[in-house]
Amino acid sequence: MSRIQFKVFALVACSSAAGLLLALLATPSGSIDAPRLVIALVVGGAIAHLVSRRIARMAVEPLEAVAEIARRIALGDADARLLLNLHDERDAVASAVNRMADQLQRELAAIRRNVQQLEAVMGEMIEGVLVLDSSERIVLVNTAFRELFSVWGEVADRPVVELIRLPAVDDLLVRARESAAPVFDDIEIRGHVSRTLWGRAARFPSSGPRVGTLAVFHDVTEIRRVDRVRRDFIANASHELRTPLTSIQGYVENLASGPMTPAEVGAHLAVIQRNAGRMRDLIDDLMDLSRIESGGGAPDPSRVDVVKIAQTLVADAGPRLAHAKLEARVRCTAAPTAWADRKALEQVLENLLTNAIRYSDEGGSITIAIEARGEMIEIAVEDTGIGIPEDALDRIFERFYRVDASRSRAIGSTGLGLSIVRHLVQAMGGTIRVESQLGRGSRFTFTLPRAPESNPR
């Protein structure tokens, strides 16, 4: 029996017993009849029990209904409501509970909307986001973070050191915990795919007891690569321009220092002219490379007779070939027509032919082979020159890269020719590769699209 039921029963029992006793005591003789007293007490107790249960039930049912609604709301049933119509104070309690449930439902809906919005934003971010609690356990990560650090599976409530074993990340998070201001640093990831990440971490809140740490990681691999290329380009260009300029300055000072014989003056002027030509060639190549890389002067493709262009270039290089005591020929089993930019193709073949002449010793030979391969045309420029070391093949198309810097400068190479060749071939929709052996020569092979049956619009 509940406490309310017991109190109601005691009250009703006392009232019933008192009434029965008064009725029994009011006998004509005024004496107390024991049997009648016992019967009265039993009947009174029974009546008290029945009445108390009914009254208690009436009082307890609304409270049990409130408890049931509270339990359902706690389990997530936000639609649970009390339906009472007792026309007393219990209706006010039911109304208050229903208002509380309505408010809770609105707040839960707002929380769900906020969570959905947060998940949508986090999912579309390209930056990796990591949220830690005060004990350095993971609260939240987004998809970009998982992809950057190759973290999969359940991560919530796990220590971050279990998932990311990078000292740089751990150092960033430690500094963020101990600093009131945000901290940031570059993080290098080495593996199958190497990456450079820019990480920024901050504790929250910035003052007072720390609740957690927020870290954001951005992939800056390409940005750092471009920055390195830019720095290297400026350094190399400055060096390449300084070398002939220093030579010109020295010979001009000699000319200005005093009288010279006509032969001496002629020799000095020849050196000045040769170095001025090197500077002009370097500036021309730099301008060509800048124009190509910036997308200026897009290729204007048309039907091009590759064989005829190659034969013309070999004929034009006759004096140089004779001076170097080299032989050059064009070999072609058919006469395929390429779909390419004529001027760009001429520049590619001229650069490759010039390189073959420069790096071939006397008595060597150069062959330009042209062959159709399906939808593409393959052009190869092969020489019997000094060759390229195997460890340099991957870098041969880099700007200013030279295998033998002293020989390259002596023969007037700017170090930009192969870089220009690669960009032009790619711009025309082709590819280029190199094969070489030291002391046996090199073979540069590039492809171009074959001309269609009719000119495309």
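These legends walk through several close-up views of a predicted model.

**View 1. The whole protein at a glance.**
Welcome to the fold: the secondary structure of the protein comes to 13 helices and 12 strands. Of its 457 residues, 33% count as buried. The protein exposes about 27400 Å², and 56% of that area is supplied by carbon and sulfur atoms. If we take contacts between residues at least 6 apart in sequence, 61% of them join residues at least 24 apart.

**View 2. An antiparallel sheet of 5 strands.**
Here we look at an open sheet whose strands follow the order 2-1-5-4-3, with antiparallel pairing. Strand 2 (138-141) and strand 3 (183-189) are the edge strands, each pairing on one side only. From one strand to the next, the twist averages 20°. To trace one pairing by eye, start with strand 1 (residues 128-133), which is joined to strand 2 in the antiparallel sense by 3 bridges. Valine 131 is a handy landmark here, as this residue stands opposite leucine 140 in strand 2.

**View 3. Two helices packed on the antiparallel sheet.**
We stay with the sheet of View 2, whose strand order is 2-1-5-4-3, and turn to the helices packed on it. Helix 6 (residues 167-178) touches strand 1, strand 3, strand 4 (195-204) and strand 5 (212-219). The direction of helix 6 makes about 170° with that of strand 3. Helix 7 (residues 221-257) also packs on this sheet, touching strand 3, strand 4 and strand 5. Its direction makes about 120° with that of strand 4.

**View 4. Helix 7 from end to end.**
How far apart are the end C-alpha atoms of helix 7? They are 53 Å apart, which agrees with the 54 Å that its 37 residues should span at 1.5 Å a residue. As you follow helix 7 along, look for its buried residues: Ala237, Glu240, Pro244 and Ile248.

**View 5. A mixed sheet of 5 strands.**
This open sheet has the strand order 7-9-10-12-11, and its pairing is mixed. The edges are strand 7 (327-332) and strand 11, each of which pairs on one side only. The twist averages 15° from one strand to the next. Helix 11 packs on the sheet and touches strand 9 (365-373), strand 10 (376-383) and strand 12. Between the direction of helix 11 and that of strand 12 the angle is about 175°.

**View 6. Pairings within the mixed sheet.**
Which way do strand 7 and strand 9 run, parallel or antiparallel? They run parallel, joined by 6 bridges, and glutamate 327 has serine 365 in strand 9 as its bridge partner. Strand 9 and strand 10, in turn, pair in the antiparallel sense over 8 bridges. In this pair, isoleucine 368 stands opposite valine 381 in strand 10. The hairpin of these two strands has 2 residues between them, and glycine 374 takes a positive phi near 65° there. Strand 11 and strand 12 (residues 441-449) run antiparallel and are joined by 6 bridges. Arginine 433 is a good place to look, with threonine 445 in strand 12 as its bridge partner.

**View 7. Helix 11 and the loop that follows.**
The 17 residues of helix 11 (residues 342-358) should span 24 Å at 1.5 Å a residue, and its end C-alpha atoms are indeed 24 Å apart. At the start of this helix, a side-chain oxygen of aspartate 341 comes to within 3.0 Å of the backbone nitrogen of lysine 343. The buried residues of helix 11 include Ala344, Leu345, Val348, Leu352 and Ala356. Serine 360 sits in the loop between helix 11 and strand 9. With a relative accessible area of 6%, serine 360 is buried. Its side chain reaches the backbone oxygen of alanine 356 at 2.6 Å.

**View 8. The surroundings of serine 436.**
Our last stop is serine 436, found in strand 11 (residues 432-437). Is this residue buried or exposed? Serine 436 counts as buried because its relative accessibility is 17%, and buried means under 20%. Its side chain reaches the backbone nitrogen of isoleucine 388 at 2.7 Å. A polar atom of the same side chain lies 3.1 Å from the backbone oxygen of glycine 441. Leaving aside neighbours within four places in sequence, serine 436 is in contact with Gly387, Ile388, Leu393, Gly441 and Ser442.

Technical notes
Residues numbered from 1 in each chain as written. Predicted model: local features only at pLDDT ≥ 70, side-chain atom pairs only at ≥ 80, totals over all residues. Heavy atoms only, no water. Helix = DSSP H or I, 4+ residues; strand = E, 2+ residues; numbered from the N terminus. Expected span 1.5 Å × (residues − 1). Buried < 20%, exposed > 50% of the residue type's maximum accessible area, 1.4 Å probe, protein only. Polar contact = N/O pair within 3.5 Å; in protein donor to acceptor, adjacent residues only side chain to side chain. Contact = heavy atoms within 4.5 Å. Pairing = 2+ DSSP bridges. Axes fitted to C-alpha atoms, helices over the stretch in contact; angles between N-to-C directions. Areas by Shrake-Rupley, 256 points an atom, 1.4 Å probe, with all protein chains shown as cover.
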